[in-house]
Amino acid sequence: MTKIKSNQTNEPVWSEINVHSRLPQELKVLDEIAYNLWWVWNYDAKELFASIDRELWSKNENNPVQLLQSLSYARLDEITKDEKLMANVNSVYANFQAYMNEPFNPTIPSVAYFSMEYGLTNILKIYSGGLGILAGDYIKEASDIRADLTAVGFLYRYGYFTQTLSIDGQQIANYEAQHFDQLPITQVMDENGEPLVLEIPYNLFTVYANVWVVNVGRIKLYLMDTDVEKNSEWDRAITAQLYGGDNENRLKQEYLLGVGGILLLNKLGIKKQVYHCNEGHAALINAQRLVDHIQEDHLNFNQAMEVVRASALYTCHTPVPAGHDYFEEPLFQKYLGHFPDKLGITWSEFIDMGRTNPGSSEKFSMSVFALNTCQEANGVSFLHGEVSKKMFAPIWKGYFAQESHVGYVTNGVHMPTWTSSEWRKCYETYFDDTFYNDQSNPTIWEKIYQVDDEVIWDVRMSLKNRLVRYIRDSFKDNWLKNQGDPSKVVSILDKINPNALLIGFGRRFATYKRAHLLFTDLERLGKIVNNPNYPVQFIFTGKAHPADGGGQGLIKHIVEISRRPEFLGKIIFLENYDMRLAKRLVSGVDIWLNTPTRPLEASGTSGEKAEMNGVLNISVLDGWWYEGYREGAGWALTDKRTYENQQFQDQLDAATIYSMLENEVIPLYYAKNSKGYSPEWIQSIKNSFAQIAPHYTTKRMFDDYIQRFYNVLANRSSEITANGFQKAKELAAWKEEVSQHWNEIEVVSIDQERKSNRGVEVGDTISATVVLDKHKLQGEIGLELVQVQNDPDTNVELIKVYPATLDKTAGSKGYFTLQIKVTQAGTFKYGIRIYPSNKALPHRMDFAHVKWITI
């Protein structure tokens, strides 16, 4: 007999089912609003969702899609019977409809915009930092000004990491999968109602991508997602993480963004006037565009290049060469080895398009490829534009950095997104009705001077209290887990003081950001934060890239210092810096601190966000603050270096910050009147609003792009492509002819009028006649004298260029005259430069042939 077992069972097998609420007909409009990120920058819409169920709204991290999916039948019934709430629903929906029904502005050129990341809202994790936040703000502004823009990017399964800290302050990177069905995104379907699957041909294999769309007001953002069963395990991971994986996966991502992005627009039937690469990551859009024009319009490579260049813009956000993407030739050939045949050129010619020195063994640079295939390029602040000219000057070796066509547009921030609702209500009360449509108009902002000081102070204190509540509510549980001693956590929470001078520092923890600067002299810092009469508290936050050991070490160092008895509750580090925390911080502190190593801050926008909320900046004169600083509206550390040794420079800058705090900032803040605030501090806030804020919105930024680049490109593209690409063909033929015969140019004679033995003096005129023989070269050429001076930093500094006059031609010979008025004393060098001359060229860098001749 076999004994009966009293307990016999296998492991349970579970199937998952998602049960979502079904909205009544009266509430269907809420779904429409939830699936359009218009709600992100409209506080009435956010308040509407919060009022439906505040506990659920908070639990779901302010995600309206999840909120609506989670509502009980009983609550839905209550909402439909709540007349006041339903009236609010209908009011918000009416505002949304009125906004959406306005057509695109036909005077703004249409744009296709490509970026690896977009920071639109904390619930859509397709961003990591400043580049993404900038891109998100930009397409929101495009919506507001009714620009016909289509954006392309990736839908990452894991996005960027969520940051926690270990008990010893070490950063822990947690990658949490996004649940696409709970996000404000919609999968794109084909004409048969099936999911649209994009096929992207890599070299020797194909990658498949699902396509999703995010409605950002009036703008469509299309996102590619390779987590598709038809893909291999390796290819499914292409869109797994933002900036994840090795260099090979990075190349696969950038191929997908560029080549795949254009194929996606083609499949959707979308054509634009301007193609805008937001960083070099997207440069390969031009490789695919070249193929399209060759295959569809039957152009040759040189003709197609004229067409592609004429409509392409590259925006660089990186101030140092090491920050750009480079790929070894074997790896690059592995994925793009099939492109030369499509383009009708050799492999060497193709890869040389990404090399500063063609014919060398350099790695392929995405940025160099972008510069060679885009007519226009820009940095993201004035200073960064100047740095970029120098950084990219070696590409066009016949010209100096000062002559470069690389321009700039200083970054801005989307004011409705980053301005607190308290300040927006203040603006709406005291500013013109046209304010939001004309927010970069300084005249409107000057009305802030008419606002009573107490109103300004009340808003500031309201926001400081909100920040303190947010910290206490959001970080208590994590701190109890990670900091070991509950009594210390309670002590920290109790010590956060909204009446103290609060100083914020929030950004990516790269070493050049110098987060450590404040901790150079701990004794002096201790005296500042422990003055009982003038309390000061510092709040730090930021993530370091998982591969950046130095940045992670900085975070650990700051956390360790914050736990010392003299700094407990006075220096606070908040983990997991995201858009939600950023908005609380840039609106809730009194001072925003920024201490980059000059000139490594391309722009920076966190300080601009602070400006929109009456928060004053202390920053090195770098990036946007180099242009934005106004005396009496913030504080600045000089843009000049005193020491070449960075450690000495850090010590000097730290001492300057301490002195600034001790002698200027803290006394000004605490010069309080009987009403509890400092009138001088309020005046500084008003100055920052009136004199700085209007110049750093995305409204001004987008206007600059239109005026400086989009209009230029749209007009030129129209000319180049008209009449069956006639001008493109003519220009390509001219360049081919000039290139073929360029080395045949012969200097027949140079006759220079010389002064007597006394030499050259200021006021003299130097004359020279140059005779050139072009031989078989048919195109026009120009000649000019270039004056330079020795410079210890750059070898030679360009002083002036003197164009020659073409007096006459005789057969293939040209007779040029140079007349130079000497206006400056000193020791100079000069040379004569020959260049191809054609009024159809947009600038010299477009066809940078140069021949220097011996004088």
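A salt bridge, as the term is used on this tour, is a side-chain nitrogen of Lys or Arg within 4 Å of a carboxyl oxygen of Asp or Glu. The model on the screen is a predicted one, and a search of the whole structure finds 38 such salt bridges.

**First selection: K735 and E306**

Select K735 and E306 and display their side chains, which meet in a salt bridge with an N to O distance of 2.7 Å. This pair links distant parts of the chain, since K735 lies in helix 29 and E306 in helix 11 (residues 301–310), with their positions 429 residues apart in sequence. K735 has a relative accessible area of 10% and is therefore buried, and E306, at 4%, is buried as well. Now add R309 and D846 to the selection, because E306, R309, K735 and D846 are linked in a network of salt bridges, each link meeting the 4 Å cut-off.

**Second selection: helix 29 against helix 7**

Keep helix 29 (residues 698–741) in view and add helix 7 (residues 130–144); the axes of the two come within 9 Å and cross at roughly 80°. With that crossing angle, helix 7 is roughly perpendicular to helix 29. To see what makes the contact, show L134, D137, Y138, E141 and A142 on helix 7, together with T698, K699, M701, F702, Y705 and Y710 on helix 29. Colouring these residues by type divides the contact into seven nonpolar, one polar and three charged residues.

**Third selection: two further salt bridges**

Move to R75 and E78, whose closest N and O atoms are 3.1 Å apart in a salt bridge. How many residues apart are R75 and E78 in helix 5? They are three residues apart in helix 5 (residues 73–81), so that about one helical turn separates them. Is R75 buried or exposed? R75 is buried, with a relative accessible area of 19%, a value that falls under the 20% limit for that class. Its partner E78 counts as partly exposed at 46%.

Then select R54 and E47, which form another salt bridge, with 2.5 Å between the closest N and O atoms. E47 has a relative accessible area of 40% and is partly exposed.

**Fourth selection: F364**

Centre the view on F364, which is found in strand 12 (residues 364–365). F364 has 0% relative accessibility and so counts as buried. Leaving aside neighbours within four places in sequence, the residues in contact with F364 are D325, Y326, F327, F332, F350, I351, M353, G354 and F369. As a distance check, draw a line from the C-alpha atom of F364 to that of D432: the two residues are 68 apart along the chain, and their C-alpha atoms are separated by 52 Å.

**Last selection: R630**

Finish at R630, in the loop between helix 26 (625–628) and strand 20 (635–637). At 28% relative accessibility, R630 counts as partly exposed. Which backbone oxygen does the side chain of R630 reach? The side chain of R630 reaches the backbone oxygen of E627, at 2.8 Å. Not counting residues up to four places away in sequence, R630 touches Q691, I692 and H695. A C-alpha to C-alpha line from R630 to S684 spans 10.0 Å, although the two are 54 residues apart in sequence.

Note on methods:
Residues are numbered from 1 along each chain as its sequence is written. This is a predicted model: local features need pLDDT of at least 70, side-chain atom pairs count only at pLDDT 80 or more; totals for chains, interfaces and linings use all residues. Side-chain values use heavy atoms; hydrogens and water are left out. Axes are lines fitted to C-alpha atoms, for helices over the stretch in contact, and angles run from 0 to 180 degrees between N-to-C directions. Helices (H or I, at least four residues) and strands (E, at least two) are DSSP runs, numbered from the N terminus. Angles under 35 degrees count as roughly parallel, over 145 as roughly antiparallel, 65 to 115 as roughly perpendicular and the rest as oblique. Contact means heavy atoms within 4.5 Å. Ala, Val, Leu, Ile, Met, Phe, Trp, Tyr, Cys and Pro count as nonpolar, Asp, Glu, Lys and Arg as charged, and the others, Gly among them, as polar. Buried means under 20% relative accessible area, exposed over 50%, partly exposed in between (1.4 Å probe, protein chains only). A polar contact is a pair of N or O atoms within 3.5 Å; within protein, one must be able to donate a hydrogen and the other to accept it, and residues adjacent in sequence count only if both atoms are side-chain atoms.
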